[in-house]
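Let's take a quick tour of one protein model. Have the sequence and the 3D view open while you read.

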Amino acid sequence: VLFRSGLLAGELDALVGFSVLGGEAIFADSTLTIESIPGAAHRQIWMNTREGTFTDKRIRQAVALGIDRQALVDTLLQGRGKVANDHPIATVYPYYDAEAVPQRERDVEKAKALLEEAGAAGLSITMHAPTLLGIPDLAALVQSQLAEIGMNITLNVESTDTFYDRWCKVYDSTNEPAGCDGGEEFGIVDY
């Protein structure tokens, strides 16, 4: 908000990135030039698959099927983005292959069935996220969408300093390979 206000007040010459949701004043200001270039930046939902809840593939599949990716783009980016395909290889890379993995579509009934099959109907879990650009809004939207498949998600949104200090401090786990997940099971991070 501080940077956005500074830009609109003429106190800044440039702003490298800002949340589209809430950035209406920037888009509407005819004195500003907005350059938009394709990039590889993305938000990623992580699930700890080494231990805990998400070791069961059916639960991971239920989460994947419970998310309406196009609604995320339409709501959070106001249509100014592309639906990703569950991997970080963006269309800007020459080795991107749009047909390598079929795009997953939301299927609430199948997601519910997978949770039931896994013995996880009504699953309650905490989703961790930093207060970075639109990530808190993304977390809230994912929370709402996954509630429709029967998941009860509590959001733990922290300052970026706290989140990344804790998140990337834990590189160990009782099961290898160790990862950078802060020892938590579920969350959203930027890349």
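Here is a short briefing on a few strands and helices, grouped by topic. Keep in mind that this is a predicted model.

**Strands β2 and β3**
- Start with strand β2, residues 124–130, where five of the seven residues are buried, so the strand counts as mostly covered.
- Strand β3 takes in residues 152–158, and β2 pairs with β3 in the parallel sense over seven bridges.
- To spot one of these links, find isoleucine 125, whose bridge partner in β3 is isoleucine 153.
- Helix α6, residues 135–147, joins the picture too: β2, α6 and β3 make a right-handed β-α-β unit.

**Helices α4 and α6**
- Packed helices in general are described by two things, the angle between their axes and the distance between the axes.
- For helix α4 (residues 69–76) and α6, the axes come within 11 Å and cross at roughly 140 degrees.
- That crossing of α4 and α6 is right-handed.
- On the α4 side, the contact is made by Ala71, Leu72, Thr75 and Leu76.
- On the α6 side, look for Asp137, Leu138, Leu141, Val142 and Gln145.
- Sorted by class, this contact of α4 with α6 has six nonpolar residues, two polar ones and one charged one.

**Helix α3 and its cover**
- Which residues of helix α3 (residues 57–66) are buried? They are Ile59, Ala62, Val63, Ala64, Leu65 and Gly66.
- The elements covering those buried α3 residues include two strands, β1 (43–47) and β4 (186–190).
- Helices help cover them as well, including α4, α5 (108–117) and α6.

Conventions:
Residues numbered from 1 in each chain as written. Predicted model: local features only at pLDDT ≥ 70, side-chain atom pairs only at ≥ 80, totals over all residues. Heavy atoms only, no water. Buried < 20%, exposed > 50% of the residue type's maximum accessible area, 1.4 Å probe, protein only. Helix = DSSP H or I, 4+ residues; strand = E, 2+ residues; numbered from the N terminus. Pairing = 2+ DSSP bridges. Right-handed = clockwise from strand over helix to strand, strands pointing away. Axes fitted to C-alpha atoms, helices over the stretch in contact; angles between N-to-C directions. Left-handed = near helix turned anticlockwise from the far one by under 90°. Contact = heavy atoms within 4.5 Å. Nonpolar A, V, L, I, M, F, W, Y, C, P; charged D, E, K, R; others polar.
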